[in-house]
Amino acid sequence: NELVLLLLDSVQRLKHILSAKQAGQLLPPTRYAAGTEPGGLGSMRRKLLSFLETSNYYSPDKMLAKLPMVDLYEERALILSKLGEHEQALNIYAHRLGDVDMAQEYCLKHYDPYDERTKEVYLDLLKVYLKPPDASAPMTMQALSLMSKYFERLDPALALDVLPPNTPLRSLQGFFENVVRQNSEVRKNMQISKNLLKSDNLAVSQEYHDRRSRRVVVTSAKKCKASHKRIGTSAFQVYPNNVAVLLGEKTGPYICPVTGRNFKDLPAD
């Protein structure tokens, strides 16, 4: 926490110096992307952003309380991300910073279909687009573009539930076409998998039947392939290659004493 506070204090101090310099030169305030500011401010801010994003050695909730409410929005978004507050973080990128690309990059970075905390991050962004925090108009075009582009990462029912009731069906044509195409592809793949499994099952069943029906005829003259003694009425074992040996001659349950073949490693054809 101490390191974050030191970096934060340095960034705020350098930002104040830059603002005072611009005001003294009667220059309009310049909006810089976080970490690209001139001089030591850019370098110091990059260190702060990197630490907030990658380190687990600070308390996000405590650091969030230390940030100013009307500045350092990128830092706030990173801390909110650490806290799992993805919708709030996306709200900063989409509305406070007005950067749709950063919002979508955030989703690309955090989306995980197997993680309950992030599998609906694209739905969070859809909500952010359509339900702005103030009285500004919904970002309907961005929302429709998101649905069409990332349809496979959105639950169709949940996505449609977020849309305003008066959304024209025509504007959803691309989304519906993609969803239907995806579902058709899924069904097709499932049918192929089902047929392959059925074919494999038939092959295994046939092999099992063939092995079960294999017979070895032991006559009074048949001899053990290992000792060359007559088998007669003595106990014997038959290997998958039809080699019959007296039980006392076997070298193991899987290894043929005549050929040395290990049927556990090299099953019979």
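**Exercise 1. In which helix is T140 found, and is T140 buried, partly exposed or exposed?**

Solution. The model is a predicted one.
Step 1: T140 is found in helix α8.
Step 2: the relative accessible area of T140 is 31%. Buried means under 20% and exposed means over 50%, so T140 counts as partly exposed.
Step 3: for its place in the fold, take P164, which is 24 residues from T140 in sequence. The C-alpha atoms of T140 and P164 are 9.2 Å apart.

**Exercise 2. Determine which residues of helix α8 are buried, and how they are arranged about its axis.**

Solution.
Step 1: helix α8 covers residues 140-149, and its buried residues are A143, L144, L146 and M147.
Step 2: viewed down the axis of α8, these buried residues fall within an arc of 160°, so they line one face of the helix.
Step 3: M141 and K149 are exposed, on the other side of α8.

**Exercise 3. Find the residues with the most contacts inside the largest nonpolar core, and the helix that gives the largest share of this core.**

Solution.
Step 1: the largest nonpolar core has 50 residues, and L90, L126, Y129 and M147 have the most contacts inside it.
Step 2: helix α7 (residues 121-130) provides the largest share of this core, eight residues.
Step 3: a second, separate core has nine residues, including I231, L246, C256 and F263. In soluble globular proteins, nonpolar side chains tend to be buried together.
Step 4: follow M147 outward. Leaving out residues up to four places away in sequence, M147 touches L126, L154, A159, L160, L163, L172 and F175.

**Exercise 4. Establish how many residues of α7 are buried, and which helices they pack against.**

Solution.
Step 1: nine of the 10 residues of α7 are buried, so this helix is mostly covered.
Step 2: the buried residues are V121, Y122, L123, D124, L125, L126, V128, Y129 and L130.
Step 3: these buried residues pack against α5, α6, α8 and α9 (156-162).

**Exercise 5. Place Q104 in its helix, classify its burial and list its contacts.**

Solution.
Step 1: Q104 lies in helix α6.
Step 2: Q104 has 13% relative accessibility and therefore counts as buried, the cut-off being under 20%.
Step 3: apart from neighbours within four places in sequence, Q104 is in contact with L125, Y129, L146, K149 and Y150. Among these partners, L125 and Y129 are buried residues of α7, and L146 is a buried residue of α8.

**Exercise 6. Describe the largest pocket by its volume, its lining and the helices that supply it.**

Solution.
Step 1: the largest pocket holds about 550 Å³ of space.
Step 2: 20 residues line the largest pocket, and E53, L78, S81, K109 and H110 lie nearest its centre.
Step 3: α2 (40-54), α4 (73-82), α5 (86-96) and α6 (100-110) each supply at least two lining residues. α6 gives the most, with five.
Step 4: by class, this lining has eight nonpolar, five polar and seven charged residues.

**Exercise 7. Repeat the description for the second largest pocket.**

Solution.
Step 1: the second largest pocket has about 270 Å³ of space.
Step 2: the lining of this pocket has 17 residues, with K15, S19, T30, R31 and D71 nearest the centre.
Step 3: at least two lining residues come from each of α1 (2-24), α2 and α4. The most come from α1, which gives five.
Step 4: the classes are eight nonpolar, three polar and six charged residues.

Terms used
Residues are numbered from 1 along each chain as its sequence is written. This is a predicted model: local features need pLDDT of at least 70, side-chain atom pairs count only at pLDDT 80 or more; totals for chains, interfaces and linings use all residues. Side-chain values use heavy atoms; hydrogens and water are left out. Buried means under 20% relative accessible area, exposed over 50%, partly exposed in between (1.4 Å probe, protein chains only). Helices (H or I, at least four residues) and strands (E, at least two) are DSSP runs, numbered from the N terminus. The arc is that of the directions from the helix axis to the C-beta atoms. A nonpolar core is a set of buried Ala, Val, Leu, Ile, Met, Phe, Trp, Tyr and Cys residues joined through side-chain atoms within 4.5 Å. Contact means heavy atoms within 4.5 Å. On a 1 Å grid over the protein atoms alone, a cavity is a set of points where a 1.4 Å probe fits but cannot get out, and a pocket is an open set with protein on both sides within 12 Å along at least five of seven lines; lining residues have an atom within 4 Å of a point. Grid points are joined across faces, edges and corners, and a volume is the space filled by probe spheres set on the points. Ala, Val, Leu, Ile, Met, Phe, Trp, Tyr, Cys and Pro count as nonpolar, Asp, Glu, Lys and Arg as charged, and the others, Gly among them, as polar.
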